[in-house]
Amino acid sequence: MAWSSNAQNQDDVRLAYAYYNSGEYEKAAYLFENLYAQTNSRGYFNYYITCLIKDSQFEKAEKAVKKQMSSNKTDKTYNIILGNIYNKSNRSEKATEQFETIFKDIPVQRNTVINLANQFSSIEEYGYAEKILLQSGEQNGENYDFELMSIYSQAHNSQKMIDKGLDIVHTNPQQAQMIQNNFQYYLNTDVNDEFYDKLRLTLLQRVQKNPTTAFSEMLVLGNSRATFRAKISFFGYFTSAFFTIHTFTSQLKMV
């Protein structure tokens, strides 16, 4: 009997995702609601609410989230979900009220803060995601550099992502390879040289501010646009040179 119930559950899971992926949100919502009732899985609940929003069943979604809020008063991610419902139903002032509630009492726990930031990012509220990390960093003395870099990447804010990545390497040279790998991905997909241009300009500015940590030859190498390989080689060379302390007595040639 238990095996039969589990098999039925798995069939419902597959069918729910199939309906969701095909845009049949009303049918998917019905199944996800039942799956949540059976398992109490937060993932199924989130899909249930998403389906209701996509199907414009805002009142039903609002009611379901408020019910969760009443029994989970310390879980502020529900405020973010409710705010998203308000935004999607053209009630922006009420949405802002829910979002700002988060900042009245920022949690001390690092994982809780990151979870809130991720929840904001999941609904493309990147400004709030950045804000919660920055304010927590100031109040709790936490470092969220990698989380901020991820948010800037998701928000397609390449300049902030570059700045944060170089800040990380400047503070923690041992992270250079990880940051380099991240930048290499964007260089490989940089069809119009937009990312490359921003990266090169930022590197030039950094070298000018701190000339004792770099060689002038790498700037010349940075002028080459012939291939993506040259771009990647340029950044790789920069990473090893820019963030290694050198005694540098000759005058830096500016490009």
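Buried means under 20% relative accessible area. The views below come from a predicted model.

**View 1. Serine 158, a buried residue of helix H10****.** Serine 158 belongs to helix H10, which covers residues 158–171. Its relative accessibility is 15%, so serine 158 counts as buried. The side chain of serine 158 makes a polar contact with the side chain of lysine 198, at 3.0 Å. Beyond its neighbours within four places in sequence, serine 158 is in contact with Phe195 and Lys198.

**View 2. Helix H11 and its buried face****.** Helix H11 spans residues 176–188, 13 residues in total. From first C-alpha to last, H11 reaches 18 Å. That is close to the 18 Å expected at 1.5 Å a residue. Ala176, Ile179, Gln180, Phe183, Gln184 and Leu187 are buried in H11. Seen down the axis of H11, these buried residues fall within an arc of 145°, so they line one face of the helix.

**View 3. Confidence extremes: helices H5 and H13****.** Across the protein, pLDDT averages 83. A score of at least 70 is reached by 79% of the residues. Confidence is highest in helix H5, residues 77–88, at a mean of 98. Confidence is lowest in helix H13, residues 216–221, at a mean of 40.

**View 4. Two stretches with pLDDT under 50****.** Over residues 212–222, pLDDT stays under 50. The model has 36 contacts beyond four places in sequence for this stretch. Over residues 224–229, pLDDT also stays under 50. Here the model has 9 contacts beyond four places in sequence.

How values were computed
Residues are numbered from 1 along each chain as its sequence is written. This is a predicted model: local features need pLDDT of at least 70, side-chain atom pairs count only at pLDDT 80 or more; totals for chains, interfaces and linings use all residues. Side-chain values use heavy atoms; hydrogens and water are left out. Helices (H or I, at least four residues) and strands (E, at least two) are DSSP runs, numbered from the N terminus. The expected span of a helix is 1.5 Å times one less than its number of residues. Buried means under 20% relative accessible area, exposed over 50%, partly exposed in between (1.4 Å probe, protein chains only). The arc is that of the directions from the helix axis to the C-beta atoms. pLDDT is the predictor's confidence in each residue, from 0 to 100. Contact means heavy atoms within 4.5 Å. A polar contact is a pair of N or O atoms within 3.5 Å; within protein, one must be able to donate a hydrogen and the other to accept it, and residues adjacent in sequence count only if both atoms are side-chain atoms.
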